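Let's take a walk through this one together. Keep the sequence and the 3D view open side by side as we go.

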Amino acid sequence: MKQNFIKLMALSLLAVGCSEDDTVVDIPETNGPEVTGQASFVINEVAYQGNKIEILNNGNATADLGSHYICLGPGAYAQIANLEVEGSLNLAPGAFATLTYDLPAQSGGLGLYSADQFTNANAMVDFVQWGAAGNARENVAVEAGLWTAGDFVPVLGDANNTIIYDGDGNGVANWSETSTVTFGAENVLTMPEQMKQSIVLNEVQYGNLNYVEIFNNGDVALDLSGYWLCLGPGGYAQIGNLTPKTGTIELQAGEFLVLPFEMPDTQGGLGLYSTNSFTSSDAIVDFVQWGAAGSARENVAADAGIWNTGDFVPTVGLSASIEYDGEGDAASDWSAEAIPSLGEANDAAAKTTVFNVKISNVTNYLNVHTFTTPVGASAPGPLTTEGGQYQIEFQAVPGTKFTPVTMMGNSNDWFLAPEDFNGIDLWQNGSALNGVDIADQLILFDLGTEADNDSATFPPAGANVGPADANPLTRVVDRNGNRGDFYITAILDYTPGDGSAAGTFTLTITKKATNFVVTPGIVVLHALANPLFTLGEEDRGVGLEAIAEDGNPMPLYNWFKETGSQGAPLRLASSLSVFSPGLVYAFNGEKDPLVLQGESNNPANGLEELAEDGNNAIAISYLESLGLPVAASEETTPVGPGEDLTFTLEVPQGQNFKFGFSTMFVATNDWFVSYNNAGYPLFDVNGNPVSGFGASEKSYLYDAGTEIDEAVGFGIYQAPRQSAANEGPTDANTTIRRVNELNDVQFGKGTISSGPGVVWLQDPRGGYNIVRVEIQAQ
């Protein structure tokens, strides 16, 4: 019901002649006898080019309308009793009175007042504005709570039309233009044909985005706040209650409005309505149906002549849309658009961004061991006499590099290490080093941290007591061509494993008859070059100095063994494995369509083939069938430590696309590395493409739940060892889940626990330390 119900009859005594119609006089409330009924006068219909105004009493008591006023602005007002009127001015409930008054044809703002105080919000009873905003009494109506500033009813300028009130509430959303004139009777909304044809459903993205684009192809603005979108019973929304993604609900000629609206992904029928009479062919404005015939409003659209029964547009992928060609009303006037153009003309050039993606296998440090106590001794110490020995054991698998380091105890900061900065390969020509002396592969280096040849500051003098070296760069020491085998023997022996864990190497270091003092040292198992130092560069400051100057391996050992906030290693990789050729993709829904974390895998999506056998082809085809951007790695063979999977991915702009990727962790049965299933945003809040390593941070190790797990690197049903694809028994737990625990049987580190399954090397939580993801927008 409208506010400002008719005042008591005593109110009319306050009305006086008004020569200054903008003078404000407060209208006091009157405490009269109890009222058992009340009139409510509303402007109900306006012939803006026919100079007629219809007033309706939608209250429940009869009252005098003649004492009221109509006003367009200063100098344009009249008391209703003085106008030509059709119907009684003693207006009964539900009765109409039609007034004749000169109205502006193009735009105006008409107020109904209980008194001639036209700037007084208490005196205004009702208001409507058409053609344009900002008319003289708009601000009074806003103050009275009857109108919203800037709103107006768009009109076609057709003398055969009127604007009508829907009888429910205040504001522009309750007004529409009609071609059925009903003065003296109940309003009938018949949307003018010109208006119907000017408003069309232009593009529908019912997949991941759920957006509807409406286009005004006419020559007048239309306020769509009172219009409706409807899929069928229970599936509707008034446009005035939706928040546009782009455009405005007061839709200008030639402009687009994009609205959020939930729709089914596979089949549906969407109607655009001028009212919520969803079964009325007079109310339906436009319609499109996809996926199948027979949706709830198909018959209404067919009755209205805007759709053919049985027609439908074929279903498109999740990120695609269907677009209207602007020509007719058949399914053939709609087509698929792989890159939606929401908010723009359908023939607009697609706006995309090309991203270069690099997924790197950064597996490096695999384990670390110290040798401190001489054989036969009870406490740590150096080897000072001929025949003195250190002996340590460690596990490793093929592909592992080995870097032992020991100090020349009678020096300031010299140490023995492999001449090959890649380290010593523990497997050569396919066989483990067994009974092999690797001492000749070691040479002396100067770490550049302490001045040389000062015997007073050799280790017995105390830790780190010497002056700084004038040359701080790591360099080779020339000792008359002497190599490590001049000072020591370093023999590796190998005992094979039992088939479910790695074999064991034993390193025995024996001092020869020279003045070289062999100190406690360290053995690092790694995959990449320069594990501890780089020739020609300064010391890294992580603990090698303590070995080179003082024969103390513990600072460096502790650096390697440091754990993160969740107790998982910060630097040691969990295991040694190649990555399979993978895929990257973009999606714009709430959840990754490939990696359904927490659910059983979709057997049609190709994730099982990727996670078990490194086959990315099926997953790529599946994502392509959804209409999503997807790319295979340029590499078609697995990549090991220090190698990269590279991709080029073209992604539409302005659609909130997020990044996903997958690659098999090949040393397992069905584990794979992916970004978390919320996806990494490829565009920031301003729509700018992102670049950098941000996608590394929430990448995790997953179990596909399709095959039972075996020991990492040793299972007979793992891809490198099985005789054919998909051989392993089914996992009892079919849920796709993160790997939060890994038993390292390749290097003997035992169980590594990482609750979230972290794989990025720089994650402060610690984890498996195997991957880095880099995205660069072109």
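Before we look at any sheets, one ground rule: two strands count as paired if DSSP finds at least two bridges between them. Bear in mind, too, that this is a predicted model.

With that rule in hand, go to strand 36, which covers residues 503-511. On one side there is strand 35 (residues 488-495), joined to strand 36 by eight bridges, with the two running antiparallel. To find the register of that pairing, look for Thr-489, which stands opposite Thr-510 of strand 36. Strand 36 has another partner in strand 26 (residues 389-396), again antiparallel and again with eight bridges. Here the pair to pick out is Ala-396, which faces Gly-503 in strand 36. How much of strand 36 is buried? Eight of its nine residues are, so the strand is largely enclosed by the rest of the structure.

Next, a single residue: Ala-417, which sits in strand 28 (residues 414-418). Is Ala-417 buried or exposed? Buried counts as under 20% relative accessible area, and Ala-417 comes out at 0%, so it is buried. Setting aside residues up to four places away in sequence, Ala-417 touches Pro-404 and Val-405, then Gln-441, Leu-442, Ile-443 and Phe-445, and also Phe-533. For a sense of scale, try Tyr-585: it is 168 residues from Ala-417 along the chain, and the two C-alpha atoms are separated by 44 Å.

Asp-286 makes a good companion case. This residue belongs to strand 21 (residues 284-290), and at a relative accessible area of 7% it is buried as well, because the cut-off is 20%. So what does the side chain of Asp-286 have within reach? One of its polar atoms lies 2.8 Å from the backbone nitrogen of Leu-201. Beyond its neighbours within four places in sequence, Asp-286 is in contact with Ile-199, Val-200 and Leu-201, with Leu-270, Gly-271 and Leu-272, and with Ile-306 and Asp-329.

Now for the empty space. The largest pocket holds about 510 Å³, and 24 residues line it. Tyr-165, Asp-166, Gly-167, Asn-174 and Thr-275 are the ones nearest its centre. Two elements give two or more residues to that lining, strand 11 (162-165) and strand 12 (175-178). By class, the pocket lining has nine nonpolar, 12 polar and three charged residues.

There are also four cavities of 30 Å³ or more. The largest cavity has a volume of about 130 Å³ and is lined by 15 residues, with Trp-175, Ser-176, Glu-177, Asp-223 and Tyr-227 nearest its centre. Strand 12 and strand 15 (222-223) are the elements that give two or more residues to this lining, and strand 12 gives the most, with three. The cavity lining has 10 nonpolar, three polar and two charged residues.

Finish further along the chain with a hairpin. Strand 46 (residues 741-744) and strand 47 (residues 750-753) run antiparallel and are joined by four bridges. Asp-744 stands opposite Gly-750 in strand 47. The hairpin has five residues between its strands, and Gly-748 takes a positive phi near 75 degrees.

Conventions
Residues numbered from 1 in each chain as written. Predicted model: local features only at pLDDT ≥ 70, side-chain atom pairs only at ≥ 80, totals over all residues. Heavy atoms only, no water. Buried < 20%, exposed > 50% of the residue type's maximum accessible area, 1.4 Å probe, protein only. Contact = heavy atoms within 4.5 Å. Polar contact = N/O pair within 3.5 Å; in protein donor to acceptor, adjacent residues only side chain to side chain. 1 Å grid on protein atoms, 1.4 Å probe; cavity = no way out; pocket = protein on both sides within 12 Å on 5 of 7 lines; lining within 4 Å. Points joined across faces, edges and corners; volume = space filled by probe spheres on them. Nonpolar A, V, L, I, M, F, W, Y, C, P; charged D, E, K, R; others polar.
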